[in-house]
Number of protein chains: 2
Amino acid sequence: MPATIVDIKEKTGLSLATISKYLNGGNVLPENKVKIEAAIKELHYEVNEIARGLVTNKTRTVGILVFSVVSPFTGMILHHVGSALRKSGYGMLIVDSCDDEEIERKNVKYLISKKVDGIIVLPVASKGDFLAPAKNAGIPIVLIDRSLSDIQYDCVRIDNRKATYNAMKEVLTRNHKKVAVIASEREYTGRERFNGFMDAMRNAGLDVPVEYQVRGTHSIATGYNGMKKLMTLKDRPTAVFMSNYEITLGAMLSMNEEGFQCPDDVSLIGFDDQLFFHLLQPQIYMVEQPMKAMGERAVELLLGRISGAVDEDPMEIALGTKLQRGTSIKTLDP
Amino acid sequence: MPATIVDIKEKTGLSLATISKYLNGGNVLPENKVKIEAAIKELHYEVNEIARGLVTNKTRTVGILVFSVVSPFTGMILHHVGSALRKSGYGMLIVDSCDDEEIERKNVKYLISKKVDGIIVLPVASKGDFLAPAKNAGIPIVLIDRSLSDIQYDCVRIDNRKATYNAMKEVLTRNHKKVAVIASEREYTGRERFNGFMDAMRNAGLDVPVEYQVRGTHSIATGYNGMKKLMTLKDRPTAVFMSNYEITLGAMLSMNEEGFQCPDDVSLIGFDDQLFFHLLQPQIYMVEQPMKAMGERAVELLLGRISGAVDEDPMEIALGTKLQRGTSIKTLDP
DNA sequence: TACAATGAACGAAACGTTTCGTTTATGCAA
DNA sequence: TTGCATAAACGAAACGTTTCGTTCATTGTA
């Protein structure tokens with residue numbers, strides 16, 4: 001029903017090749033250009049991307065493989081990645097791994113079958129074998145936020161360990177000695193941040209007793225239960241580092257519930273500013289990730305790989321973070 | 001490079017038509033079936049969806065047009081819609097309207113150019129003209145959550161007005177007379193819920209002074225500022241209804257900040273349970289939407305339209321809600 | 001004036017499927 | 001045996017583009 005390039009051919013008397021050339025930005029005589037444009041307007045012609053894809057072997061669509069589509073972190077990344085892609089004329093086919101490695105594995109195959117031009121991954125698995133089918137199919141891959149332990153892919157993220165290490169200085173220079181951590185231990189970021197925390201403590205010559213090391217998952221429940229547990233210890237910490245948004249949220253809920261005050265009862269420092277912590281009183285010290293830049297750099301890199309403009313070995317891009325200062329850290333007597 | 005149906009043809013000696021028939025579930029002789037399956041395995045053949053799409057004029061992909069991809073409500077819908085679609089072999093091409101009607105309008109055209117088989121919409125606009133191009137192209141459309149004012153499309157949602165009306169009974173039977181509302185006025189749901197609130201008050205013979213009617217946007221800021229304003233009135237309300245998740249979150253932050261206690265200082269009732277309110281103390285009364293059912297029904301309906309199994313006039317499906325009872329409403333003396 | 005060089009237009013083949021109308025093979029009844 | 005009905009296989013066309021190698025026209029140069 002919709003007009004095709006053949007209709008344009010008949011209306012203008014030109015050949016398919018010439019019209020195709022025009023459509024793809026090639027040079028045609030001014031008079032022909034006018035004819036073609038008139039015909040296009042009159043017939044409401046639009047190129048059929050499917051037919052085009054069949055011959056070019058490109059879909060102008062990239063697959064986005066996310067560990068979970070309900071996380072606010074994911075939502076924000078999707079927002080920025082989506083804008084950047086659209087600006088370049090690409091669409092995004094999103095698949096949700098539901099925090100399940102088996103689903104993630106299937107999703108990769110699905111994206112391949114959909115012939116996406118590239119894949120952006122926020123992985124759930126820590127190892128990279130699930131991406132092998134895509135790699136073998138020659139599909140460019142860029143990771144965001146989380147590196148893989150056994151194989152290197154292009155990855156845009158922050159230096160989690162260092163960022164945590166630096167953030168911890170804010171606590172340590174205020175003479176805190178008894179500092180606890182609540183961190184996720186299942187993904188890359190949680191482990192790195194935990195390590196950064198331990199680095200800082202070790203470097204300050206401070207010990208971290210096991211009951212101060214709360215490990216869990218990337219969830220509100222981990223923060224909630226973790227904080228509850230910490231605050232019922234006989235020997236409470238004077239400060240707590242929380243490794244991500246969900247954990248921070250959970251921890252704060254628990255504090256509100258128990259009536260603990262920050263920073264009077266305990267000092268807090270967290271990760272992943274999601275805007276709304278700005279509204280909180282007290283304002284929490286927070287490591288802010290450059291979400292927009294991460295999304296944009298990842299897209300830029302992926303499109304570079306797709307076009308062939310980038311052909312070096314896989315690279316890890318670590319972007320800078322910013323510490324949102326607040327009022328949540330108390331200065332103790334030396 | 002990847003194997004095609006022609007390779008299978010040559011390996012088996014059968015015709016393209018027969019192999020295609022097999023691939024699409026048709027009957028072939030057992031011996032041929034064996035031959036074909038062997039060849040497929042040996043050559044790692046997978047059907048090229050692009051080529052198939054060119055002749056069938058189907059992409060097995062549906063477009064998802066969301067008002068904002070960063071909202072947790074959207075994330076949850078995406079999760080359920082995505083699962084349901086995948087179960088039926090469909091993928092989702094997601095486009096983000098960034099709460100902007102102009103972008104939304106462009107996105108519709110983009111989805112059409114991508115030849116999606118159907119579109120699921122969480123609209124930002126209140127009027128439906130932006131969907132006209134898709135309708136004219138014969139692409140089935142299903143709305144979720146928000147109806148349009150001027151034209152009827154298939155829509156899966158709840159009865160916001162009634163749900164609010166019923167929820168308000170919990171407040172009114174506890175003898176509250178001075179009840180305020182914080183509601184978004186820009187989208188369908190906010191307006192309906194506001195109306196439901198006013199219905200309930202009117203029906204109880206109660207007046208709602210204008211300073212008790214806070215209208216704003218679907219945002220944390222509206223809830224935060226709204227609650228702050230309400231609690232500084234000389235004549236404070238004894239209860240507040242909050243029309244959605246973000247507003248509820250903002251309102252609670254403000255209360256925590258000011259040190260107001262719920263339900264001692266003010267009773268609260270909200271909308272959109274997002275799991276994590278379960279963790280809160282006190283537990284807030286919340287109208288819970290059937291997110292999973294909404295996503296699944298919408299997909300079911302859309303696929304029905306696509307296949308032609310459903311061909312009645314557009315329908316509005318209003319699913320039932322559930323009131324999560326809590327401890328956030330105080331019983332006043334009569 | 002002839003010839004080379006340049007640039008635009010052209011025709012046909014190709015991309016990998018599905019589908020339509022026809023032919024071939026099979027089984028059964030007359 | 002012949003004829004007929006049924007089921008499976010077949011060949012060819014079609015889907016709407018891009019692209020390759022070639023032809024044609026124009027301009028500039030010797």
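This is a walk through how two protein chains meet two DNA strands in a predicted model, with a look at the cysteines at the end.

Let us begin with DNA strand C. There are 27 residues around this strand, and those that come nearest are Ser15(A), Thr18(A), Asn32(A), Ile5(B) and Ser20(B). If you ask which part of the strand faces the protein, look at the atoms of DNA strand C within 4 Å of the protein: 73% belong to sugar or phosphate, and the rest belong to bases.

Some of the contacts to the phosphates can be picked out one by one. On chain A, a backbone N or O atom of Ser15(A) sits 2.7 Å from a phosphate oxygen of DNA strand C. Chain B reaches the strand with side chains: a polar side-chain atom of Arg52(B) is 2.9 Å from a phosphate oxygen, and one of Asn24(B) is 3.1 Å from a phosphate oxygen. Two or more residues of the surface near DNA strand C come from each of helix 2 (16-23) and helix 4 (49-56) of chain A, and likewise from helix 2 (16-23) and helix 4 (49-56) of chain B. Helix 4 of chain B provides the largest share, five residues. By residue type, the surface near DNA strand C holds 14 nonpolar, ten polar and three charged residues.

Now turn to DNA strand D. Of the 27 residues around this strand, Ile5(A), Ser20(A), Arg52(A), Ser15(B) and Asn32(B) come nearest. Among the atoms of DNA strand D that come within 4 Å of the protein, sugar and phosphate account for 73%.

Here, too, individual phosphate contacts are worth finding on your screen. The side chain of Tyr45(A) places an N or O atom 2.9 Å from a phosphate oxygen of DNA strand D. Asn48(A) uses a backbone N or O atom, at 3.3 Å from a phosphate oxygen of the strand. From chain B, the side chain of Thr18(B) has an N or O atom 3.3 Å from a phosphate oxygen of DNA strand D. Helix 2 and helix 4 of both chain A and chain B each supply at least two residues of the surface near this strand, and helix 4 of chain A gives the most, with five residues. The surface near DNA strand D divides into 14 nonpolar, ten polar and three charged residues.

Finally, the cysteines. The count of disulfides over all chains is zero. In chain A, Cys155(A) is buried, with a relative accessible area of 0%, whereas Cys98(A) is partly exposed, at 30%.

Definitions and conventions:
Residues numbered from 1 in each chain as written. Chains lettered and ligands numbered in written order. Predicted model: local features only at pLDDT ≥ 70, side-chain atom pairs only at ≥ 80, totals over all residues. Heavy atoms only, no water. Near = heavy atom within 4 Å. Polar contact = N/O pair within 3.5 Å; in protein donor to acceptor, adjacent residues only side chain to side chain. Helix = DSSP H or I, 4+ residues; strand = E, 2+ residues; numbered from the N terminus. Nonpolar A, V, L, I, M, F, W, Y, C, P; charged D, E, K, R; others polar. Disulfide = S-S within 2.5 Å. Buried < 20%, exposed > 50% of the residue type's maximum accessible area, 1.4 Å probe, protein only.
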